[in-house]
Amino acid sequence: MTGSISRSDGWAIEVEGLGKAYRMYKRPLDRFVEWGSAGRLQRHGQFWSLRDVNFKLRPGSSMGLCGANGAGKSTLLKVLSGITAPTEGRLKMRGRVASLLELGAGFHLDFTGRANIFMNGVMMGFSRREMAAKVDEIIEFAELGNYIDEPVRTYSSGMGLRLGFSIAVAVDPDILIIDEVFAVGDMYFQKKCIDKIYSFKQRNKTILFCSHSLYDVRQLCDEALWMRDGRAAAQGDSVYVTNEYTAFQRDHIGEQKEVLGDEIPNASDHLGASVKLPRIRDARVYRLGTEEETYEITSGDSVEIRVWWENPDPAATPIHLGVGFLRQDMTTCGGMGTHLDGLELEGTSGCTVLEMPNVKLLAGQFLVPILLLDEGGVHKYQEFLLPENLVVRSVTRDVGLFRLDHAWRLNDDRPVPAPVEREAEEAR
Ligand SMILES: Nc1ncnc2c1ncn2[C@@H]1O[C@H](COP(=O)(O)OP(=O)(O)OP(=O)(O)O)[C@@H](O)[C@H]1O
């Protein structure tokens with residue numbers, strides 16, 4: 001989906017005093033009364049989903065939106081994508097906008113995937129000839145095989161998403177607007193989407209990205225905007241903002257259902273209203289066996305990660321803890337879990353310590369998500385971020401992710417092995 005193109009010096013996006021109000025009717029009848037009176041009888045109230053939002057983004061920068069359910073993130077993205085008009089404020093976008101918000105929403109179900117590619121292209125302002133040049137790339141990325149020539153009606157939702165994503169990114173946008181794209185589709189395609197989005201970042205495109213996963217926000221974005229009740233609660237550097245949001249969540253744990261709704265599933269949705277959910281209260285990194293908290297280490301240092309957790313009803317919700325180390329391109333460098341090590345977390349609260357002597361990661365910055373998992377280690381109750389990313393420095397010039405144990409013997413006196421005889425090989 002393409003958006004408007006307008007000129008604005010040096011900024012890819014400029015947003016000033018942006019607000020969006022929806023009409024609220026107490027009873028369905030009120031809507032008809034108002035409609036029937038051609039607006040003379042006003043029966044609605046106003047609800048501001050978005051109010052007084054201001055920011056500017058340079059071309060090539062990326063901004064993440066975080067915040068609880070209903071905070072106004074999607075509304076902001078919809079306004080920026082041109083899906084809905086703002087009620088007040090000013091908005092300037094510079095360049096071609098691709099919005100990944102309602103992927104596949106405009107598909108014509110009775111036409112094939114291939115036909116929909118062309119129809120979408122026309123809607124986005126491309127000629128048939130321009131789309132013909134892109135169609136192979138789109139089909140290749142979507143990997144739908146023969147389904148590309150079947151009606152979209154026969155697609156699964158994941159297949160529709162693949163096609164929608166492939167079309168949206170094929171227009172080579174300057175600004176990419178993404179809403180929770182990682183939550184949909186299978187793992188394989190999610191990874192492809194992430195790689196694609198990274199390639200946009202590397203090519204200096206501007207990215208606006210909304211996610212409930214704070215480590216995705218930190219990972220992908222230079223800046224972040226924390227939305228709360230339709231307004232900006234904090235904005236700036238993504239590590240700073242996600243820390244502020246995490247700190248707020250910790251402080252308002254009493255309001256867990258409302259505030260942490262995005263990180264801790266609503267009990268009534270998942271487990272029955274009577275069940276009190278487990279949670280991680282805090283997690284920090286220390287030098288092994290000391291009280292020295294640290295997020296900067298050297299390869300080979302020893303650390304321990306302490307995780308404080310609560311589980312009010314362990315019989316109903318047995319839990320496990322997982323710890324991951326992720327490089328900035330989302331490569332998982334290591335992952336450990338109490339379930340993987342055959343351990344059990346007992347009791348209603350505790351501090352579990354993961355000891356890691358001789359951390360062999362090589363230089364880099366690592367995100368360290370702490371996961372609170374169910375008894376099978378499958379369902380994620382909570383994803384908790386450390387107060388800072390872990391920075392590892394190397395003293396050696398080894399390359400790769402890890403310093404692998406190794407030793408060189410410079411002058412071994414073993415003779416060169418005899419060459420393998422081809423006839424003997426073939427005879428076998
Ligand atoms: N079309 C609409 N009519 C009325 N209210 C709406 C409409 N769309 C959104 N809202 C309201 O605006 C508020 C913000 O919604 P929005 O979807 O932007 O939140 P969000 O931060 O994206 O939430 P989530 O994380 O759950 O997706 C919510 O209270 C929602 O009920």
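These are my notes on a ligand shell, a small set of paired strands and one helix in a predicted model.

**Ligand shell.** I started with the ligand and found 13 residues around it. Tyr-22, Ser-49, Asn-69, Ser-74 and Thr-75 are the closest. Next I checked which elements supply two or more residues to this shell, and got β2 (44-57) and α2 (73-81). The largest share is from α2, with three residues. I also sorted the shell by residue class: seven are polar, four nonpolar and two charged.

**Three-stranded sheet.** Then I traced an open sheet with the strand order β10-β12-β15 and antiparallel pairing. Its edges are β10 (279-287) and β15 (349-356), each of which pairs on one side only. On average, neighbouring strands here are turned by 15° against each other, if I ignore direction. I looked harder at β10 and β12 (residues 303-310): they run antiparallel and are joined by eight bridges. Which residue of β12 is the bridge partner of Asp-282? I found Trp-308 there.

**Helix α5.** Last stop was α5 (residues 157-170), where I wanted to compare length with residue count. The helix has 14 residues, so at 1.5 Å a residue it should span 20 Å, and its end C-alpha atoms are indeed 20 Å apart. How many of its residues are buried? I get 12 of 14, so I noted α5 as mostly covered, taking buried to mean 20 or more other C-beta atoms within 10 Å of a residue's own. Among the buried ones are Met-159, Arg-162, Phe-165 and Ala-170. After α5 comes Asp-172, and I noted its positive phi, near 50°.

Terms used: Residues numbered from 1 in each chain as written. Predicted model: local features only at pLDDT ≥ 70, side-chain atom pairs only at ≥ 80, totals over all residues. Near = placed C-beta within 6 Å. Helix = DSSP H or I, 4+ residues; strand = E, 2+ residues; numbered from the N terminus. Nonpolar A, V, L, I, M, F, W, Y, C, P; charged D, E, K, R; others polar. Pairing = 2+ DSSP bridges. Axes fitted to C-alpha atoms, helices over the stretch in contact; angles between N-to-C directions. Expected span 1.5 Å × (residues − 1).
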